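User: I'm a first-year student, and I'd like a close look at one part of this structure. Please pick a single spot, and then walk me outward from there, step by step.

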Amino acid sequence: MSFDLLAKSVEQRLTLLPIYSPGEEAVDLHGEFVRPEVLEQAIFALAKSGSREVTLQHAQDGAAVGELLTAFVLPWEVERPVFNGAGIQKGTRRFPPYTAFGWFKWSPEAFRLIRSGLAKGVSIEGRAKRRPMQKGGSALSRELRAGWSL
Amino acid sequence: MGFLDEVIGLRKEERRPHTELEEIELTRVSLVDHAASGYDDAFLLLKSKDAQRLQKRASLGGAFRGLASGAVQRIDLG
């Protein structure tokens with residue numbers, strides 16, 4: 001998800017960021033989407049027992065560059081000003097109900113990367129069933145379990 | 001579609017929902033360390049000392065190896 005900073009603490013190297021928005025209108029970079037109730041359960045499971053380490057997206061065995069302190073979903077639509085890593089307002093963004101957000105604490109190097117504007121967002125990977133959509137929008141019955149990232 | 005578009009995904013204005021994800025199990029959170037929105041940012045990232053330091057501490061995936069090797073420079077961005 002794009003780097004739309006909602007809040008940060010420079011002293012503590014903390015950021016509050018959107019992780020993922022559900023629904024067909026919030027289709028992601030891969031043309032995939034998640035229904036709100038599905039995302040909610042997945043975030044609950046992540047918060048309960050998932051890995052909290054944050055790595056660089058394309059590092060296969062990389063060291064942690066940050067920690068996901070908490071992840072949560074808000075069941076309401078939220079419209080807030082959003083900022084880039086340097087703290088400059090990018091505009092106002094509407095987050096649909098059940099958008100997932102997270103508080104992150106970063107290493108000094110990663111936080112400098114964020115503040116410079118070179119970090120482009122956060123991504124979550126995992127496993128899911130893929131259900132291809134027909135042209136009319138309804139899902140096909142064929143299911144495929146594969147690795148993916150949001 | 002260029003190399004990075006194939007690796008990273010379509011640009012936002014070209015996105016169309018075509019796949020629904022179900023029964024999700026989240027396993028890994030990551031900081032997006034390249035530009036999903038354009039090539040210029042990816043080159044800027046390669047020049048960043050902090051980015052290079054972070055990359056040194058990690059074994060890189062295929063996409064970034066491609067960038068680091070200079071392969072991107074030979075690609076037609078159009």
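Analyst: A:Gly23 is partly exposed in this predicted model, because 16 other C-beta atoms lie within 10 Å. To count as buried, a residue needs 20 or more such atoms, and to count as exposed it must have 12 or fewer. You can find A:Gly23 in the loop between β2 (14-20) and β3 (32-34) of chain A. Leaving out residues up to four places away in sequence, A:Gly23 touches A:Phe33, A:Pro36 and A:Pro96. Here is a distance to check on your screen: A:Gly23 and A:Leu39 are 16 residues apart along the chain, and their C-alpha atoms are separated by 9.5 Å.

Now step back from the loop into the strand before it. Is β2(A) mostly covered or mostly open? It is mostly covered, with 5 of its 7 residues buried. β2(A) also pairs with two other strands, so let's take each partner in turn.

One partner is strand β1 (residues 7-9) of chain A, which is joined to β2(A) by 3 bridges and runs antiparallel to it. Within this pairing, A:Lys8 has A:Thr15 of β2(A) as its bridge partner. The hairpin of β1(A) and β2(A) has 4 residues between the strands, and A:Arg13 takes a positive phi near 55° there.

The other partner is strand β8 (residues 99-106) of chain A, joined to β2(A) by 6 bridges, again in an antiparallel arrangement. Look for A:Pro18, which stands opposite A:Phe101 in β8(A). As you follow these strands, keep a general rule in mind: side chains in a regular strand alternate between the two faces of the sheet.

Next, go to the segment before β1 of chain A, where you will find A:Leu5. A:Leu5 makes a nice contrast with our starting glycine: A:Leu5 is buried, because 21 other C-beta atoms lie within 10 Å. Beyond residues up to four places away, A:Leu5 touches A:Thr15, A:Leu17, A:Val82, A:Phe83, A:Asn84 and A:Gly85. So A:Thr15 appears twice in our tour, because two residues count as in contact when their C-beta atoms lie within 7 Å, and A:Thr15 is a contact of A:Leu5 as well as the bridge partner of A:Lys8. The C-alpha atoms of A:Leu5 and A:Ala86 are separated by 9.4 Å, although these two residues are 81 positions apart along the chain.

That kind of long-range meeting can be followed across the whole chain. In chain A, 60% of the contacts with a separation of 6 or more are between residues 24 or more positions apart. Chain A has 150 residues, of which 37% count as buried, and its secondary structure comes to 2 helices and 10 strands.

Which residues touch the most other members of the largest nonpolar core? They are A:Ile19, A:Leu39, A:Ala100 and B:Leu31, in a core of 38 residues. The largest share of this core, 5 residues, is supplied by strand β1 (residues 19-31) of chain B. You have met A:Leu39 already, as the far end of the 9.5 Å distance from A:Gly23. A:Ala100 is worth clicking on too: setting aside neighbours within four places in sequence, A:Ala100 is in contact with A:Ile19, A:Tyr20, A:Leu39, A:Ile43, A:Ala71 and A:Val73.

One helix deserves a visit as well. Helix α2 (residues 108-115) of chain A is largely enclosed by the rest of the structure, because 6 of its 8 residues are buried. Among the buried residues are A:Phe111, A:Leu113 and A:Ile114. Just after α2(A), A:Gly117 takes a positive phi of about 90°.

Finally, how confident is the prediction? Chain A has a mean pLDDT of 83, and 86% of its residues reach 70 or more. Among the elements of chain A, strand β5 (residues 66-74) has the highest mean pLDDT, 95, and strand β10 (residues 144-149) the lowest, 48. Chain B averages 52, with 19% of the residues scoring at least 70. Within chain B, confidence is highest in β1(B), at a mean of 84, and lowest in helix α4 (residues 62-68), at 39. The model as a whole scores ipTM 0.77 and pTM 0.70.

How values were computed: Residues numbered from 1 in each chain as written. Chains lettered and ligands numbered in written order. Predicted model: local features only at pLDDT ≥ 70, side-chain atom pairs only at ≥ 80, totals over all residues. Core = buried A, V, L, I, M, F, W, Y, C linked by C-beta atoms within 7 Å. pLDDT = per-residue confidence, 0-100. Pairing = 2+ DSSP bridges.
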